[in-house]
Structures are given as C-alpha cells and as structure tokens.
Amino acid sequence: MKTALHSVSYAGVWTGQHRLSLEHFLQKASDLGYDGVMLMAKRPHLSILDMDREARTRVLGLLKEKHLELACVAGYCDFSIGAERPEVPVLEMQIAYVTELARLAQDLGGDKVRIYTAYERPEFSADQLWDRCVQAIRECARRAADFGVTIGVQNHHDLANHYEGYLALLKEVDEPNCKAMFDAWALELHGSDVQDAVRKLAPYIVHTTVADYVRRPRFLYDARYVNFERGLDVFKAVPVGEGEVDYRGFLGALREIGYTGFVAYEMCSMLEGGGSEANLDRFARRFLEYMQTVED
C-alpha cells in the first residue's frame, strides 16, 4: 500500500491550524517522505477558480519534481443542499463542479475524484434523498468517464455512511467508474465488524483515508435535579495508533483482499496538542511510522 498526505491537513481550516500554500504543502509532503498527495479541491489549495492552464502546468510540474503521485482530487459536495430553494439549480452546479474536478484530475496526471453523498434535510424523505443522490452520482460518474476518471464516494455524510447502505448505493449507481473511498472511522462509531465490511466492499475499494481519535465523555448539568445527563461523546484527533479506531484490523483486511492503493492521512479536525506546524508534522510522521509497522 502507498501513503498519501491530504492537503486539508495544512490548509488552516480549523482554529489554530497552521496554513501552507499548495506549493509549500507539496514540498512538505515530499520532505516527510510520502508517496503521494490528496489535494483539497477548494481554496486555499486546488480551487477550480484558480487553476487556469498555467496553474495546472505549474502544479503538475511540482508533482513530478517532488516525485509525488496524485492519489486523488478531494471534492466537496452535498447533494441535498438547495432543497429550500428549488428554483436554483444547485444540484446541476455541483455536478458541473465534479465534472470540472475530473478534468482537473486528468490535467494533473490523476484518475480519481473523491465526492460525498448528502446530509439529511427535512425537505426530503429518505427515499427522495436516496434517489436524488443516486441520480447525481450516476451523472457525475458518466461525465467523469470522459476524462478517464473514477468517482470515489467517501462514507462521510448522512446518506449511506453505514457500510451496508454504502454498498447498496454503489450497486444502485451501477457505473463501472463509481467506486468506494472507504474509511474506518465510521465503522468504529457504528460498532461494525471491520473484516466483514471490507470483504463485502472489496470489489469497490479504490482509496481510504485515515485519522484516529479518542473518545471523551460529555455530561450536561441539569440544575433541576442536581445531576448530569449523558450527552454525545466528543472525539479528539490523536496520532494514528494511539486512538480507538481499529486500523490494524482494517488495514489487515485491506491487505487480505489484495488492496495495493493509497492510504491517505488527514488531519481534519482539532488535534491533541494544537495546530502548530510542529504538531502537524509530528502527527504526519507518526502515520508513516505506523504504516511501517503495519507493512512489516
């Protein structure tokens, strides 16, 4: 399996997180020793608004110069937004965005674009939301095929984040270039069987993204009863191997099915220890060390 670093990790998205330009991020990934990169398809990194022909040529040149493969272009979509304003063609805009990401991936020497499904909204019934996503993803896949690009659905948003629904969605989309970018963190939260999930999704898995977390219980004080009520736990990001996600089981199952693609690392939330560049680098190095123990 090959290692990739997700550029969102150094994008300054979360409070206190150090920000690097795209150029400096590529240098960082190379210096750390990653095989490739997963590039965030929005500002401040790989926005289609900024990636004119000259910019694409420059980024492609940097990837080659730093000996980095493009694991995938990471798109950001939610196929349920715009429900409250049906006269605005928001769904069409998102399909156009994904289509342009496919073109961008091809121009940068890549062949994969990551997308999400949708968050639930009261305007849609479960069946309506399911059908909307199936139709949108199917069209994205068909348009991406013109560029030789695979659309990878990540199990991130509300719809189809459990692996059984995820598998059903991919089967219903039924496009040869629509695959799974399957992550383990949801399996942990759902209490799912890691090996069973990986085996069932084996024909679809083309990419996975890794982040590890520890659980911190939350209790809300209710003065009426001089007592605490249990709330949803908070999860805090920690270096891979120090959290609760069963990555040995997950990565071992991937190895068993013959997976040889990218395992991407992302720092996509507030980290234990803060968002300084030194702490981000510590987490990024720890992932590479962990992958060595898994491969050995």
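Me: Which residues does Lys179 touch, not counting residues up to four places away in sequence?
Reply: This is a predicted model. Lys179 lies in strand S6, residues 178-181. Leaving out residues up to four places away in sequence, Lys179 touches Thr150, Ile151, Gly152, Val153, Leu170, Pro203, Tyr204 and Val206.

Me: Where is Thr150, one of those residues?
Reply: Thr150 is among the residues that Lys179 touches. The strand that holds Thr150 covers residues 150-154. That strand is S5.

Me: Is Thr150 buried or exposed?
Reply: The relative accessibility of Thr150 is 18%. Buried means under 20%. Thr150 therefore counts as buried.

Me: Which residues is Thr150 in contact with, leaving aside neighbours within four places in sequence?
Reply: Lys179 is one of them. Asn177 is another. The full set is Asp111, Lys112, Val113, Asn177 and Lys179.

Me: How far apart are the C-alpha atoms of Lys179 and Tyr225?
Reply: Along the chain, Lys179 and Tyr225 are 46 residues apart. In space, their C-alpha atoms are separated by 51 Å.

Me: Which strands make up the closed barrel, in order?
Reply: The barrel has eight strands, and the pairing is parallel. From one strand to the next, the twist averages 30 degrees. The order is S1-S2-S3-S4-S5-S6-S7-S12.

Me: How many bridges pair S2 with S3?
Reply: Strand S2 spans residues 36-40 and strand S3 spans residues 69-74. They pair in the parallel sense. Val37 has Leu70 in S3 as its bridge partner. The number of bridges between S2 and S3 is five.

Me: Which strands does helix H4 touch?
Reply: Helix H4 covers residues 126-145 and packs on the sheet. Its direction makes about 150 degrees with that of S5. The strands touched are S4, S5 and S6.

Me: At what angle does helix H5 run to S6?
Reply: Helix H5 is made of residues 163-173. H5 lies across S5 and S6. Its angle to S6 is about 160 degrees.

Me: Where is Asp174, and is it buried or exposed?
Reply: Asp174 is found in the loop between H5 and S6. Its phi is near 55 degrees, a positive value in a residue other than glycine. Its relative accessibility is 59%, and exposed means over 50%. So Asp174, in the loop between H5 and S6, counts as exposed.

Me: What is the phi of His67?
Reply: His67 sits in the loop between H2 and S3. His67 is exposed, with a relative accessible area of 68%. It is not a glycine, although its phi is positive. The value is about 55 degrees.

Me: Which peptide bond is cis, with omega near 15 degrees?
Reply: The bond leads into Pro44. Pro44 is found in the loop between S2 and H2. The bond runs from Arg43 to Pro44.

Me: Why is H1 described as roughly parallel to H2?
Reply: H1 holds residues 22-32 and H2 holds residues 53-65. Their axes come within 10 Å and cross at roughly 15 degrees. Angles under 35 degrees count as roughly parallel. That makes H1 roughly parallel to H2, given a crossing of roughly 15 degrees.

Me: Which residues make the contact of H1 with H2?
Reply: H1 passes H2 in a right-handed crossing. The residues of the contact divide into five nonpolar, no polar and two charged. They are Leu22, Glu23 and Leu26 of H1 and Arg58, Val59, Leu62 and Leu63 of H2.

Me: At what angle do the axes of H7 and H8 cross?
Reply: H7 spans residues 194-201, and H8 spans residues 247-256. The crossing is right-handed. Among the residues that meet are Val194 in H7 and Phe250 in H8. The axes come within 9 Å and cross at roughly 35 degrees.

Me: Which residue in the turn between S9 and S10 has a positive phi?
Reply: S9 and S10 run antiparallel, joined by four bridges. Tyr221 stands opposite Phe228 in S10, and Phe219 stands opposite Arg230. S9 and S10 form a hairpin with four residues between them. The residue in the turn, with a phi of about 50 degrees, is Val226.

How values were computed:
Residues numbered from 1 in each chain as written. Predicted model: local features only at pLDDT ≥ 70, side-chain atom pairs only at ≥ 80, totals over all residues. Heavy atoms only, no water. Axes fitted to C-alpha atoms, helices over the stretch in contact; angles between N-to-C directions. Helix = DSSP H or I, 4+ residues; strand = E, 2+ residues; numbered from the N terminus. Parallel < 35°, antiparallel > 145°, perpendicular 65-115°, else oblique. Left-handed = near helix turned anticlockwise from the far one by under 90°. Contact = heavy atoms within 4.5 Å. Nonpolar A, V, L, I, M, F, W, Y, C, P; charged D, E, K, R; others polar. Pairing = 2+ DSSP bridges. Buried < 20%, exposed > 50% of the residue type's maximum accessible area, 1.4 Å probe, protein only.
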